[in-house]
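Open the model in your viewer and keep the selection panel at hand. The stops below run from whole chains down to single residues.

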Amino acid sequence: MEANSQPNLPKKEIFKQKNYKEAARIFLKKYGIVLILLALFILMSILSPAFLKTRNLLNVVRQISVIGLIGMGVTMVIITTGIDLSSGSVIALAAVVAASLAQRVGWDAAMYPNLVGLPVIIPVLVGLAVGTTCGFLNGSIIAKFKIPPFIATLGMMTVARGLALLYSDGRPISSLTDSYNFIGQGEVLGIPFPIIILVIMAVITHVLLTNTKFGRYVYAIGGNENAAVISGLNVGKYKVLIYTYAGLLSGLAGILLSSRISSGQPGLGTGYELDAIAAAVIGGTSLNGGIGTVWGTIVGALIIGILNNGLDLLNVSAYWQQILKGLIIVAAIILDERKNR
Amino acid sequence: MDNGYILLMENITKAFPGVKALDNVELRVRKGTVHALMGENGAGKSTLMKILIGIYTPDGGTITFKNQKVVIDNTNTALKMGISMIHQELSPIPYMTVAENIFLGREPVNKLGLIDKKKMVEDARKLFQRLELNINPNSLMRELSIANTQMVEIAKAISYDSSMIIMDEPTSAITEKEVEHLFRIVRSLKEEGVSIIYITHKMDEVFKISDDITVFRDGRHIKTLPAGETNKEGLISMMVGRELSQIFPKSAAEIGDVVLSVRNLTRKGKFQNVSFELRRGEILGFAGLMGAGRTEVMECIFGVAKYDEGEIFINNIKVDIKTPQDSIKHGMALLTEDRKLTGILSVLSVRDNMVLASIDKYRRGMFLNKKRIAEVCENEKGKLGIKTPSMEQLIKLLSGGNQQKVLISRWLLTSPEILILDEPTRGIDVGAKAEIHRLMSKLAQEGKAIMMISSELPEVLGMSDRVMVMHEGRLSGEFLRCDVDQEKIMKCATGTNN
């Protein structure tokens with residue numbers, strides 16, 4: 001145990017510190033990742049002229065909107081010292097089910113010939129319901145049978161993928177209605193719709209975590225589950241709620257993804273859960289529990305997104321990108337450990 | 001006998017966040033003697049021993065062992081040098097056998113380099129024979145009683161054939177018969193030239209077995225002297241620094257109606273037939289050795305664990321307690337024994353820790369009234385004298401005493417009628433201790449009912465209106481404040497009062 005007595009001060013107090021070195025340290029601790037994001041942004045702008053184009057930047061944010069959504073859910077789960085490996089597969093399941101109810105009129109190979117041209121609200125609600133149900137099952141198994149989250153969500157990851165393949169017979173479900181496609185492709189006042197969804201969900205999740213009893217309980221369960229039980233928390237109930245919310249976000253991400261490519265494919269989202277966890281960890285969420293924020297995760301997702309995008313523009317091979325991503329994740333975890341010692 | 005010093009620890013300093021555990025202390029042990037190290041909880045004894053055994057490194061000072069300056073940077077170094085330790089906290093590996101636990105890390109290997117299980121069991125058997133212990137080396141550790149677990153721990157430390165053995169509360173879980181046995185072993189070790197550092201709270205043992213005594217207080221060395229040159233009262237005043245009556249200010253409170261009544265409470269394997277009553281304004285002390293079952297009883301009353309038989313009545317109405325939520329609804333609060341393990345949320349702020357149990361009170365619909373929370377926290381900080389730079393401060397950076405105060409305010413914010421305090425002043429400095437005792441008195445005066453588990457006899461004697469003593473899962477004694485003393489409690493605690 002180190003004699004590290006740095007206080008955790010609110011924003012105003014930081015600048016009142018007489019010792020500038022100390023103030024700088026506290027500032028870095030709190031806003032370090034934003035600085036890294038800015039540095040990365042500047043670096044990429046210098047290295048590639050195409051980077052700063054509006055279209056490109058909008059593309060980046062559009063691409064990270066899916067990871068950002070499931071990243072928020074997994075952040076909440078990791079704060080309680082849990083993990084969710086099923087987000088990618090739930091994306092696929094929600095995507096194929098929603099897409100099957102969003103097919104346009106006149107498409108001969110529609111899955112449900114009697115259910116074409118449905119109002120967009122139906123595939124959306126159903127897709128969300130699928131995600132929510134998967135999350136609810138995750139949470140219930142973990143809370144009731146005390147199975148480690150890693151195992152329970154690993155099971156769901158495999159089962160949901162299998163169900164997606166079964167449901168779609170292994171084939172893409174295509175030709176979707178315009179109103180459905182709007183969700184992933186449309187723009188409102190020049191802003192891509194997925195970004196609007198991301199921001200709305202980020203605000204909601206942030207408020208949930210910081211301003212409600214629910215949020216306090218999430219941090220408490222992660223901080224010390226035994227102490228939380230003794231203080232009267234119904235930990236089981238909250239675990240179910242947390243995983244259900246993560247499932248809801250996965251469902252939403254599935255709708256977003258399938259509407260963007262106008263096709264519900266059973267292979268969607270493969271590997272996304274790991275990217276989401278990476279975004280959360282880079283953003284400061286601690287795998288030991290009790291620490292993490294929505295904005296940190298968004299910044300983490302942006303860092304990954306800008307890195308990927310920048311390296312693409314520089315024609316760096318996708319293989320190198322993967323190696324780099326892995327190294328950054330490990331570096332982030334090491335820094336996190338030292339910060340929280 | 002060579003009376004040279006086998007161990008010299010000089011000018012040792014060690015600090016942790018928020019607390020200076022050791023301030024320039026010294027310890028000089030003569031070869032072939034039993035040297036008792038005494039002091040209240042938090043005086044620094046365990047910290048110094050952890051430095052000697054290589055778990056901590058000192059911030060300053062020197063250690064000289066067998067006339068050579070040494071640096072002990074890990075436990076292996078200490079063991080190789082010839083220092084082994086019987087730890088206060090027993091942490092055996094439950095699913096491994098007795099023999100495997102004893103030889104962990106130094107298992108005998110055969111010619112193929114594989115563990116020689118037969119030899120390991122045989123060596124364990126020989127060790128037990130030498131120490132006259134009747135334990136089966138093939139039993140799993142989890143099958144052993146706490147007393148036998150401690151005896152195995154003792155055997156393990158001795159099996160290293162070290163020149164110096166540190167015994168940290170070696171008799172906390174064993175009966176008087178086994179204590180005599182241990183003393184026989186200690187005396188024969190002395191004859192073999194082994195030096196022993198003996199840490200205990202039990203005054204009688206100190207005078208029975210030790211040659212020299214060193215007293216620590218608040219992280220400082222107070223005095224070292226031969227055992228023959230002092231007595232119980234002298235030791236207590238050195239350890240505590242003031243008269244006993246001054247430190248436990250239990251002021252008189254009006255004792256009212258029975259608020260909690262427990263009848264024939266039983267939990268298989270932990271405790272049986274526990275019955276007692278608790279009144280408003282009363283502080284009911286629970287004394288007993290480690291493993292006697294006191295914490296387990298409180299866990300059942302509070303709903304942390306399930307009991308098999310018995311009934312609980314609150315205000316004369318039978319209640320069904322299944323979870324801590326139930327207990328809190330009935331006005332109970334539980335301050336747990338180990339604040340690090342089950343008390344504080346270490347990565348969270350003081351504020352988050354404080355409002356955890358009462359958070360429903362600060363809700364405005366779905367949202368939290370942050371202003372109200374801030375007010376409430378400042379209020380409690382002032383009332384209890386909690387030292388922290390701000391409410392945002394991470395609780396793990398506070399001293400033990402202040403952490404405990406935050407936990408107490410966590411419970412006070414739920415407006416409880418019955419408070420269960422399990423070792424409320426364990427591991428905190430004397431100043432904070434006194435403050436917590438004053439707070440307890442005040443709460444009793446306000447009509448709250450308090451149950452206090454404590455392993456510090458002076459605290460039990462000073463603070464309780466009545467004392468219940470437990471021994472191996474049963475209530476073995478009940479005394480009024482005026483009728484009780486240390487001897488009577490120890491007799492009941494060790495089961496020798498029949």
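**Stop 1: the whole model**

Start with strand β8 of chain B as a landmark: Ser195(B) in β8(B) is the bridge partner of Met164(B). You will come back to this pair. Now zoom out. This is a predicted model. Its scores are ipTM 0.83 and pTM 0.78. Colour chain B by confidence: the average pLDDT is 88, and 96% of its residues score at least 70.

**Stop 2: chain A**

Select chain A and show it as a cartoon. You will find 14 helices and four strands. How compact is chain A for its 341 residues? The globule rule gives 20 Å for that length, and the radius of gyration of chain A is 21 Å, so chain A is as compact as a globular protein of that length. Turn the C-alpha trace along its principal axes, and the spans are about 75 × 55 × 35 Å.

Next, colour by burial. In chain A, 46% of the 341 residues count as buried. Then look at the contacts with a sequence separation of 6 or more: residues 24 or more positions apart account for 77% of them.

**Stop 3: where the chains meet**

Select the residues of each chain that touch the other. Chain A brings 27 residues to the contact, and chain B brings 34 residues. On the chain A side, highlight α9 (213–223) and α10 (225–230), each of which supplies at least two residues. Which element gives the most to this side of chain A? That is α9(A), with five residues. Colour the chain A side by residue type, and it divides into 11 nonpolar, 13 polar and three charged.

**Stop 4: chain B**

Hide chain A and show chain B. Its secondary structure comes to 18 helices and 22 strands. Chain B has 498 residues and a radius of gyration of 24 Å, which agrees with the value near 23 Å for a compact globule with that many residues. The C-alpha trace spans about 70 × 50 × 50 Å along its principal axes.

Buried residues make up 46% of chain B. Of the contacts between residues at least 6 apart in sequence, 68% join residues at least 24 apart.

Now colour the domains. The assignment gives domain 1 as 5–240 and domain 2 as 246–331 + 416–493. Note that domain 2 is written as two segments. Measure between the domain centres over C-alpha atoms: 31 Å separate them.

**Stop 5: strand β7 of chain B**

Select residues 164–168 of chain B, which form strand β7. Are its residues buried or exposed? Five of its five residues are buried. Show the side chains and view the strand from each face. In a regular strand, side chains alternate between the two faces of the sheet. Here one side carries Met164(B), Ile166(B) and Asp168(B), and the other carries Ile165(B) and Met167(B). Both faces are covered.

Add the partners. Strand β6 (residues 83–86) runs parallel to β7(B), and four bridges join the two. Look for Ser84(B), which stands opposite Ile165(B). Then add strand β8 (residues 195–199), which pairs with β7(B) in the parallel sense over five bridges. Here is the landmark from the start again: Met164(B) has Ser195(B) as its bridge partner.

**Stop 6: Gln150 of chain B**

Move to helix α5 (residues 146–159) of chain B and pick Gln150(B). Why does Gln150(B) count as buried? It has 25 C-beta neighbours inside 10 Å, and the cut-off for buried is 20 or more. Now select Leu90(B), 60 residues away along the chain: its C-alpha atom is separated from that of Gln150(B) by 7.0 Å.

**Stop 7: two asparagines with positive phi**

Most residues other than glycine have a negative phi. Two residues to check against that background are next.

Pick Asn11(B), in strand β1 (residues 5–16) of chain B. Its phi is near 55°, a positive value. Asn11(B) has 14 other C-beta atoms within 10 Å, so it is partly exposed.

Finish at Asn316(B), in the loop between β14 (309–314) and β15 (317–319) of chain B. Its phi is also positive, near 70°. Asn316(B) has 10 C-beta neighbours inside 10 Å and therefore counts as exposed.

Notes
Residues are numbered from 1 along each chain as its sequence is written. Chains are lettered from A and ligands numbered from 1 in the order in which they are written. This is a predicted model: local features need pLDDT of at least 70, side-chain atom pairs count only at pLDDT 80 or more; totals for chains, interfaces and linings use all residues. A residue is buried if 20 or more other C-beta atoms lie within 10 Å of its own, exposed if 12 or fewer, and partly exposed in between; C-beta atoms are placed from the backbone. Two strands pair if DSSP finds at least two bridges between them. The radius of gyration is taken over C-alpha atoms; the globule rule is 2.2 Å times the number of residues to the power 0.38. Two residues are in contact if their C-beta atoms, placed from the backbone, lie within 7 Å. Ala, Val, Leu, Ile, Met, Phe, Trp, Tyr, Cys and Pro count as nonpolar, Asp, Glu, Lys and Arg as charged, and the others, Gly among them, as polar. pLDDT is the predictor's confidence in each residue, from 0 to 100. Domain bounds come from an automatic or database domain assignment.
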